[in-house]
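Hi,

Here is the structure I promised to pass on. Have a look at it first, and then read on for what turned up when I went through it.

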Amino acid sequence: IYLDSVNSIRQFLCSPSAVLEVEQKLTLAPLGVKQDAFGTADLIIRDEEAGILHVIDYKNGSGYVDEHKNPQIYYYGLAAYL
């Protein structure tokens, strides 16, 4: 399911020049978080030609994660953008 989702994003929303970054470590210090704070996004797709940045952090645990109100992905998105 994860790979199908990634392939769909890349095929239908991205240009051929899009760059995929797997297991990308992101520093959160510029965001006002603790100096040595970081996170690891499962996948970042940078498509400068289309002006699109996709940040994917796959969740497959036993607990529910609200993808619409998840501060972790907001931090990851902003850190990837910066």
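Let me start with a side chain that caught my eye: the one of D47 reaches the backbone nitrogen of A50, at 3.2 Å. Before I go further, please keep in mind that this is a predicted model.

D47 sits in strand β2. What about a salt bridge for this residue? D47 has none, although it is buried. The nearest side chain of opposite charge belongs to R10, and that is 8.0 Å away. A salt bridge needs a side-chain nitrogen of Lys or Arg within 4 Å of a carboxyl oxygen, so R10 doesn't qualify at that distance. As for what surrounds D47, setting aside residues up to four places away in sequence, it touches L13, C14, S15, S17, A18 and I52.

N70 shows a similar kind of link to the backbone. You'll find N70 in the loop between β3 (52-56) and α2. A polar atom of the N70 side chain lies 2.9 Å from the backbone nitrogen of Q72. Is N70 buried or exposed? Its relative accessibility is 12%, and since buried means under 20%, N70 counts as buried. Beyond its neighbours within four places in sequence, N70 is in contact with K59 and V65.

Now for the nonpolar parts. The largest nonpolar core is made of 10 residues: L26, L28, L31, A37, A41, I44, V55, Y76, A79 and A80. Two elements give two or more residues to this core, β2 (38-47) and α2 (71-81). Which of them gives the most? That is α2, with three residues. If you want a residue to click on, try L31, which touches Y75, L78, A79 and L82 when residues up to four places away in sequence are not counted. Another core lies apart from the largest one; it has seven residues, including I9, A18, L43 and I45.

Last one: L20, in strand β1 (residues 19-27). With a relative accessible area of 33%, L20 falls between the 20% limit for buried and the 50% limit for exposed, so it is partly exposed. Not counting residues up to four places away in sequence, L20 touches V6, R10, L43, I44 and I45. D4 comes 16 residues away from L20 along the chain, and the C-alpha atoms of the two are separated by 15 Å.

Give me a shout once you've had a look.

Cheers

Conventions: Residues are numbered from 1 along each chain as its sequence is written. This is a predicted model: local features need pLDDT of at least 70, side-chain atom pairs count only at pLDDT 80 or more; totals for chains, interfaces and linings use all residues. Side-chain values use heavy atoms; hydrogens and water are left out. A nonpolar core is a set of buried Ala, Val, Leu, Ile, Met, Phe, Trp, Tyr and Cys residues joined through side-chain atoms within 4.5 Å. Buried means under 20% relative accessible area, exposed over 50%, partly exposed in between (1.4 Å probe, protein chains only). Helices (H or I, at least four residues) and strands (E, at least two) are DSSP runs, numbered from the N terminus. Contact means heavy atoms within 4.5 Å. Lys and Arg count as positive and Asp and Glu as negative; His and the chain ends are not counted. A polar contact is a pair of N or O atoms within 3.5 Å; within protein, one must be able to donate a hydrogen and the other to accept it, and residues adjacent in sequence count only if both atoms are side-chain atoms.
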